[in-house]
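Reader: I should be grateful for a close look at a single part of this model. Please treat it in one connected account.

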Amino acid sequence: MAFFDILLQLPRWQKRILQVAIDCVLISLCYALAMWLRLDSWQFARDPETWYVLVPVIPITLAIFIRTGFYRAVLRYISNQVVW
């Protein structure tokens, strides 16, 4: 409970940075899982060229989220009930 209280008491800009960082991790994870499903192997993970696609994808995705107001809407309505 204390961890969630600390998160909810953070200033808006810190919450937004945390959301962006988590989104970067989740986008990368979704990419890895999609590649694994497509290739039915983790062999692609050893090739650094496979990961170059994330260089443009992550900033473009984050720009779309910011432009559409995704982060603003999420932060506005977050509360203890949402966390639980």
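My request concerns Trp51: is Trp51 buried, partly exposed or exposed, and at what relative accessibility? Please also describe the surroundings of this residue.

Author: The model is a predicted one, and what follows should be read in that light. Trp51 counts as partly exposed, because its relative accessibility is 28% and the partly exposed class runs between 20% and 50%.

The ring of Trp51 does not stand alone. A pair of aromatic rings is described by the distance of the centres and the angle of the planes. In total, 4 aromatic pairs are counted in the model. One of them joins Trp36 and Trp42, whose rings are stacked, with 5.6 Å from centre to centre and 10° between the planes. Another joins Phe44 and Trp51; this pair is tilted, at 6.0 Å centre to centre and 40° between the planes. The label follows from the angle, because planes under 30 degrees apart count as stacked and those over 60 as edge-to-face, the rest being tilted.

The two partners in the tilted pair fall into separate classes of accessibility: Phe44 is buried, with a relative accessible area of 6%, whereas Trp51 is partly exposed at 28%. In the stacked pair, Trp36 is partly exposed with a relative accessible area of 33%, and Trp42 is likewise partly exposed, at 44%. Ring pairs connect Trp51, Phe44, Trp42, Trp36 and Tyr31 into a cluster.

Thr50 belongs to this picture as well. Thr50 lies in the loop between H2 and H3 and is buried, with a relative accessible area of 13%. Setting aside residues up to four places away in sequence, Thr50 touches Tyr31, Met35 and Phe44. Of these, Tyr31 and Phe44 are members of the aromatic cluster, while Tyr31 and Met35 are among the buried residues of H2.

The helix itself deserves attention. H2 covers residues 12-39, and its 28 residues should span 40 Å at 1.5 Å a residue; the end C-alpha atoms are 40 Å apart, which agrees with that expectation. The buried residues of H2 are Lys15, Gln19, Asp23, Ile27, Tyr31, Ala32 and Met35. An α-helix has 3.6 residues a turn, so residues three or four places apart point the same way.

Directly after H2 comes Asp40, with a positive phi near 55°; Asp40 is a residue other than glycine. Asp40 is placed in the loop between H2 and H3. With a relative accessible area of 66%, Asp40 is exposed, whereas Thr50 is buried.

Beyond the loop, H3 (residues 54-67) packs against H2 at an angle of about 130°, the axes being 10 Å apart. The two helices are therefore oblique to each other, and H2 passes H3 in a right-handed crossing. From H2, the contact is made by Val20, Asp23, Cys24, Ile27, Ser28 and Tyr31; from H3, by Leu54, Val57, Ile58, Thr61, Leu62 and Phe65. Tyr31 thus has a place in the contact with H3 and in the ring cluster that includes Trp51.

For the wider setting, the protein chain comes to 5 helices and 0 strands. Of its 84 residues, 19% count as buried. Among contacts between residues at least 6 apart in sequence, 58% join residues at least 24 apart.

Notes
Residues are numbered from 1 along each chain as its sequence is written. This is a predicted model: local features need pLDDT of at least 70, side-chain atom pairs count only at pLDDT 80 or more; totals for chains, interfaces and linings use all residues. Side-chain values use heavy atoms; hydrogens and water are left out. Rings of Phe, Tyr and Trp (its six-membered ring) pair if their centres lie within 6.5 Å; planes under 30 degrees apart count as stacked, over 60 as edge-to-face and the rest as tilted. Buried means under 20% relative accessible area, exposed over 50%, partly exposed in between (1.4 Å probe, protein chains only). Helices (H or I, at least four residues) and strands (E, at least two) are DSSP runs, numbered from the N terminus. The expected span of a helix is 1.5 Å times one less than its number of residues. Axes are lines fitted to C-alpha atoms, for helices over the stretch in contact, and angles run from 0 to 180 degrees between N-to-C directions. Angles under 35 degrees count as roughly parallel, over 145 as roughly antiparallel, 65 to 115 as roughly perpendicular and the rest as oblique. A crossing is left-handed if the near helix is turned anticlockwise from the far one by less than a right angle, and right-handed if clockwise. Contact means heavy atoms within 4.5 Å.
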